[in-house]
Amino acid sequence: MHLFKQSIRTGVLASLLLVAGASAASASGVRDEKPVTMDPLVVKEAKTHTLFMGADIALNLDKDLYPVRDVIGSSWVIEINREPRIVSAKSAPTNLKITPTLKLTEVSVSISGFKREAAYSYDNDPSVRLTKSLSNSSTMSTDLLDIARDAQARVDTMNNAALAGAAVLAGSDDQFSFNAEFYAAQKRYAELHQTKTGYRGTPIPSDVVGGRPENQNLGIVPMNVAHASNVASSAIDQTLGGNEAVGRLLTRGFDAMEVDFQISSTKPLHNPYIVTMTRFHTVGSKPGTVQNLVYALALNPIDSKFSRVHFTEDGFPFNYELVDFQLHIYDRGIEVATNMAADRVELTRDEAFEYVKSEYIGAHRRATLPAVPVMGSLPADLPVKLNSGKYEQPFFVRVSKEGIGRGAFADEGCSRPIDDPYLASVVERIRFKPALAEGKPVDGVTVVNLAKLTI
């Protein structure tokens with residue numbers, strides 16, 4: 001797994017925002033020859049987008065990389081030949097490639113009351129381990145007392161003079177029961193209370209070999225009820241009050257992380273999931289040695305009402321030392337910004353467009369490409385019109401080198417304008433990646449199909 005971290009160069013971003021303001025003024029026909037006086041009563045343009053440092057996650061499978069599209073439970077979902085495939089991290093180690101990248105999103109979720117602290121995994125929780133130990137000791141105590149009472153009853157029966165010779169039949173049906181079970185109970189106790197030098201507790205009777213007593217005299221009973229009670233009490237006392245025993249239960253250290261927060265989103269997220277990326281140092285390893293742990297968890301749908309997210313992430317070594325922690329939220333494989341995102345910057349729509357355009361031109365310095373719709377604020381009633389059958393046919397748009405649409409046309413030569421005010425308003429709301437000629441932005445023409453438009 002590759003995990004890196006970058007930061008935005010603030011100088012470059014500041015320059016980008018200045019360009020955004022200039023482009024917005026140019027697009028609206030405002031000249032910058034005279035200084036602009038800011039009216040305090042004028043409402044500032046809303047910040048509609050968030051630029052942040054996100055992470056692209058891909059799964060390396062059979063020497064190919066497959067982007068993660070979803071999470072089910074704690075398993076990754078990828079697509080192979082357009083078919084979803086679930087890959088569980090529990091069944092086999094997974095090789096992830098995580099690429100930090102700047103992302104721009106119109107969706108941003110709010111996280112409130114975030115808490116993260118070291119914790120115990122379930123099996124390592126001292127209260128759980130103590131309860132299990134008490135349960136085992138209590139079970140053994142009951143077994144020992146029952147066996148001792150049964151044995152004492154047999155002795156009393158066999159020593160009853162009133163029964164004469166028939167008394168010997170009292171133990172003939174199970175003549176090895178007591179000693180064998182007593183040995184098993186003692187061995188169980190000893191296994192639960194091991195020390196470096198051997199087993200602690202009542203020694204195994206010398207006359208027991210392989211679980212069967214060598215002395216088969218029915219009149220000899222190696223333990224009575226009182227002795228069994230003392231052995232049982234010793235087991236419980238060592239579990240509850242023995243400093244060494246309790247100390248071993250409490251000193252293994254934290255090996256998990258407990259995370260708790262409230263989350264909401266102005267725009268509903270129907271298939272959200274969370275991915276945490278943790279860097280930590282293992283106690284006892286060389287200074288500067290850092291390991292990575294990635295954890296994924298599917299979430300319930302998120303809406304404008306705050307809902308609680310609580311989980312315990314395990315898999316850490318005992319007494320790990322936290323170096324870095326990142327939390328990322330995705331919906332249908334697309335990452336959305338959070339108020340905890342690294343290098344977070346809020347942008348207006350025009351500023352966001354200038355960022356997208358700058359990145360596009362920078363990534364295609366020698367390319368010749370047509371204009372492409374990239375973003376926009378479409379009318380709320382457009383889906384209704386599309387569902388009714390309107391605007392099913394594609395049309396042509398003349399696009400300036402700044403990425404602004406200049407009208408809708410019925411032909412590629414843009415000689416036959418479409419007389420439709422509503423359609424014209426839709427085109428005005430769309431922003432385009434400009435056409436490129438050997439990497440230089442130029443005026444161009446592109447085809448638009450509103451029924452298939454995804455921006």
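# Worked exercises: inside a predicted model

Thr-278 has 0% relative accessibility, so Thr-278 counts as buried (under 20% relative accessible area is buried, over 50% exposed, in between partly exposed, with a 1.4 Å probe and protein chains only). The model is predicted: local features need pLDDT of at least 70, side-chain atom pairs count only at pLDDT 80 or more, and totals for chains, interfaces and linings use all residues. Residues are numbered from 1 along each chain as its sequence is written, and side-chain values use heavy atoms, leaving out hydrogens and water.

## The surroundings of Thr-278

**Task.** Find the strand that holds Thr-278, then list what Thr-278 touches.

**Solution.** Start with the element. Thr-278 sits in strand 13 (strands are DSSP runs of E with at least two residues, helices runs of H or I with at least four, both numbered from the N terminus). Next, look for contacts, meaning heavy atoms within 4.5 Å. Skip residues up to four places away in sequence; Thr-278 then touches Met-257, Gln-291, Asn-292, Leu-293, Glu-313, Phe-316, Leu-322, Asp-324 and Phe-325. Finally, check one separation. Thr-278 and Val-323 are 45 residues apart along the chain, and their C-alpha atoms are separated by 7.6 Å.

## The whole chain

**Task.** How many helices and strands does the chain have, and what share of its residues is buried?

**Solution.** Count the elements: eight helices and 25 strands. Then take burial: 37% of the 455 residues count as buried. Turn to the surface. The chain exposes about 26,500 Å², with 51% supplied by carbon and sulfur atoms (Shrake-Rupley method, 1.4 Å probe; for residues, only the protein chains shown count as cover). Last, sort the contacts that have a separation of 6 or more. Residues 24 or more positions apart account for 77% of them.

## The largest nonpolar core

**Task.** Which residues touch the most other members of the largest nonpolar core, and which strand gives the largest share?

**Solution.** First fix the term. A nonpolar core is a set of buried Ala, Val, Leu, Ile, Met, Phe, Trp, Tyr and Cys residues joined through side-chain atoms within 4.5 Å. The largest one has 23 residues, and Phe-261, Ile-263, Ile-274, Phe-311 and Ile-329 touch the most other members. Strands 7, 12, 13, 14, 15 and 16 each give two or more residues to this core. Strand 12 gives the largest share, four residues. Apart from this core lies another, of 18 residues, including Ile-78, Leu-96, Ile-98 and Val-294. Now zoom in on Phe-261. Beyond four places in sequence, its contacts include Ile-111, Phe-114, Ile-274, Val-309, Phe-311 and Leu-327. The general trend is that nonpolar side chains tend to be buried together in soluble globular proteins.

## Aromatic pairs

**Task.** Say how many aromatic pairs the structure has, and work out why the rings of Tyr-273 and Tyr-330 get their class.

**Solution.** Set the cut-offs. Rings of Phe, Tyr and Trp (its six-membered ring) pair if their centres lie within 6.5 Å; planes under 30 degrees apart are stacked, over 60 edge-to-face, the rest tilted. The search finds nine pairs. The rings of Tyr-273 and Tyr-330 have centres 5.3 Å apart and planes at 10°, so this pair is stacked. Tyr-273 lies in strand 13 and Tyr-330 in strand 16, so the pair ties together parts 57 residues apart in sequence. Phe-316 and Tyr-320 are also stacked, at 4.3 Å centre to centre and 20° between the planes. Phe-316 and Tyr-320 are both buried. Ring pairs also link Phe-114, Phe-261 and Phe-325 into a cluster.

## Positive phi

**Task.** Place Arg-82 and Asp-343, and decide whether each is buried, partly exposed or exposed.

**Solution.** Recall the rule: most residues other than glycine have a negative phi. Arg-82 has a positive phi near 65°. Arg-82 is in the loop between strand 4 and strand 5. At 78% relative accessibility, Arg-82 counts as exposed. Asp-343 has a phi near 55° and lies in strand 18. Its relative accessible area is 28%, so Asp-343 is partly exposed.

## Helix length

**Task.** Compare the expected span of helix 6 with the distance between its end C-alpha atoms.

**Solution.** Use the formula: 1.5 Å times one less than the number of residues. Helix 6 covers residues 349-363, 15 in number, so it should span 21 Å; its end C-alpha atoms are 21 Å apart, which agrees. Among the buried residues of helix 6 are Phe-353, Tyr-355, Val-356 and Tyr-360.
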